Amino acid sequence: VIVGRHADEVKASLCPDYEYVVQDQLLGTGHAVMQVKPLLKNFDGHILVLCGDAPLIRPEVIEDMVRQHCRDSADCTLLTGILKNPAGYGRIMRKSNGADQKIVEEGHASLFDEATEEINSGTYCFRWKRLVEALDKISLREEKGEFYLTDVVEVLSRSGARIGTVTVDRGEEVLGINSRKQ
């Protein structure tokens, strides 16, 4: 479990048997995943990346996503949702052949991108070695001072990686919590 802000509180609320990696500098989601590279340096399998702020995703959805990822021999599988009002979420942008090309964060979206209703849930399944290669190619986004894990999708797509998606039946299931009100 990668922890950052309020790490002690998060650890206290979870299983004490988990292994924790601390993200001392909060430089974004891509940077958070980079923190496990030393721990998994000899790993040659698949990893599941879940955000701690998306509590409504059902376990069977995650299980289906992992099954599809393995069945398709994918390098990356994204969990997406369809929202009529996708404000605040990154959008899934596809090439004309239907392949995933990139995730456009709302702050970087054009009006065309904003019209897209398919959103990124922040839940991924990756072939670890391909993810590490892609993490090494993403850059710090100067405007926020962060490395975005979402940038990995575009890097993988450009390298010819096999990218799949699983779209939930109910878009609300992938909603994240970004404020106390939510």
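How many of the eight residues of α5 are buried? Six of them are, so to speak of α5 as mostly covered is fair. This is a predicted model, and the briefing below starts from that helix, moves to its partner α6 and the nonpolar cores, and then visits α3 and a few loop residues.

**Helix α5 and what surrounds it**

- The buried residues of α5 (128-135) are Trp128, Arg130, Leu131, Val132, Ala134 and Leu135.
- These buried residues pack against four elements, namely α2, β3, β7 and α6.

**How α5 meets α6**

- Two packed helices are described by the angle between their axes and the distance between the axes.
- For α5 and α6 the angle is about 105°, and the axes lie 9 Å apart.
- An angle from 65 to 115 degrees counts as roughly perpendicular, and α5 and α6 are therefore roughly perpendicular to each other.
- On the α5 side, the contact is made by Arg130, Leu131, Ala134 and Leu135; Val152, Val155 and Leu156 contribute from α6.
- Within α6 (151-158), the buried residues are Asp151, Val152, Val153, Leu156 and Ser157.
- Following α6 comes glycine 160, with a positive phi near 85°.

**The nonpolar cores**

- In soluble globular proteins, nonpolar side chains tend to be buried together.
- Here the largest nonpolar core holds 25 residues.
- Its members with the most contacts inside the core are Tyr124, Phe126, Leu131, Leu135, Leu149, Val152 and Leu156.
- Two or more residues come from each of α2 (29-34), β3, β4, β7, α5 and α6.
- With five residues, α5 supplies the largest share of this core.
- A second, separate core has 13 residues, including Ile62, Met65, Tyr89 and Ile119.
- Back in the largest core, leucine 149 is worth a look: leaving aside residues up to four places away in sequence, its contacts are Thr29, Gly30, Val33, Val49, Tyr124, Phe126, Leu131 and Leu135.

**Helix α3, one face in and one side out**

- Helix α3 covers residues 59-71, and its 13 residues should span 18 Å at 1.5 Å a residue; the end C-alpha atoms are 18 Å apart, which agrees.
- Its buried residues are Val61, Ile62, Met65, Gln68 and His69.
- Viewed down the axis of α3, these buried residues fall within an arc of 130°, so they line one face of the helix.
- On the other side of α3, Pro59, Arg67 and Arg71 are exposed.
- The partners of the buried residues of α3 are strands β3 (46-49), β4 (76-82), β7 (118-127) and β8 (163-167).

**Positive phi outside glycine**

- Most residues other than glycine have a negative phi, and most peptide bonds are trans.
- Serine 73, just after α3, has a positive phi of about 50°.
- Serine 73 sits in the loop between α3 and β4.
- With a relative accessible area of 43%, serine 73 is partly exposed, because partly exposed covers values between 20% and 50%.
- Histidine 6 also has a positive phi, near 60°, and is a residue other than glycine.
- The loop holding histidine 6 runs between β1 (2-3) and α1 (7-13).

**Two residues with partners far along the chain**

- Arginine 5 is placed in the loop between β1 and α1.
- At a relative accessible area of 60%, arginine 5 is exposed, because exposed means over 50%.
- Arginine 5 touches Val10 and Leu26, when residues up to four places away in sequence are not counted.
- From arginine 5 to glutamine 23 there are 18 residues in sequence, and their C-alpha atoms are 8.3 Å apart in space.
- Isoleucine 177 belongs to the segment after β8.
- Isoleucine 177 counts as partly exposed, at 38% relative accessibility.
- The contacts of isoleucine 177 are Asp53, Pro55 and Gln182, again not counting residues up to four places away in sequence.
- Isoleucine 177 and glycine 52 are 125 residues apart along the chain, while 9.0 Å separates their C-alpha atoms.

How values were computed:
Residues are numbered from 1 along each chain as its sequence is written. This is a predicted model: local features need pLDDT of at least 70, side-chain atom pairs count only at pLDDT 80 or more; totals for chains, interfaces and linings use all residues. Side-chain values use heavy atoms; hydrogens and water are left out. The expected span of a helix is 1.5 Å times one less than its number of residues. Buried means under 20% relative accessible area, exposed over 50%, partly exposed in between (1.4 Å probe, protein chains only). The arc is that of the directions from the helix axis to the C-beta atoms. Contact means heavy atoms within 4.5 Å. A nonpolar core is a set of buried Ala, Val, Leu, Ile, Met, Phe, Trp, Tyr and Cys residues joined through side-chain atoms within 4.5 Å. Axes are lines fitted to C-alpha atoms, for helices over the stretch in contact, and angles run from 0 to 180 degrees between N-to-C directions. Angles under 35 degrees count as roughly parallel, over 145 as roughly antiparallel, 65 to 115 as roughly perpendicular and the rest as oblique.
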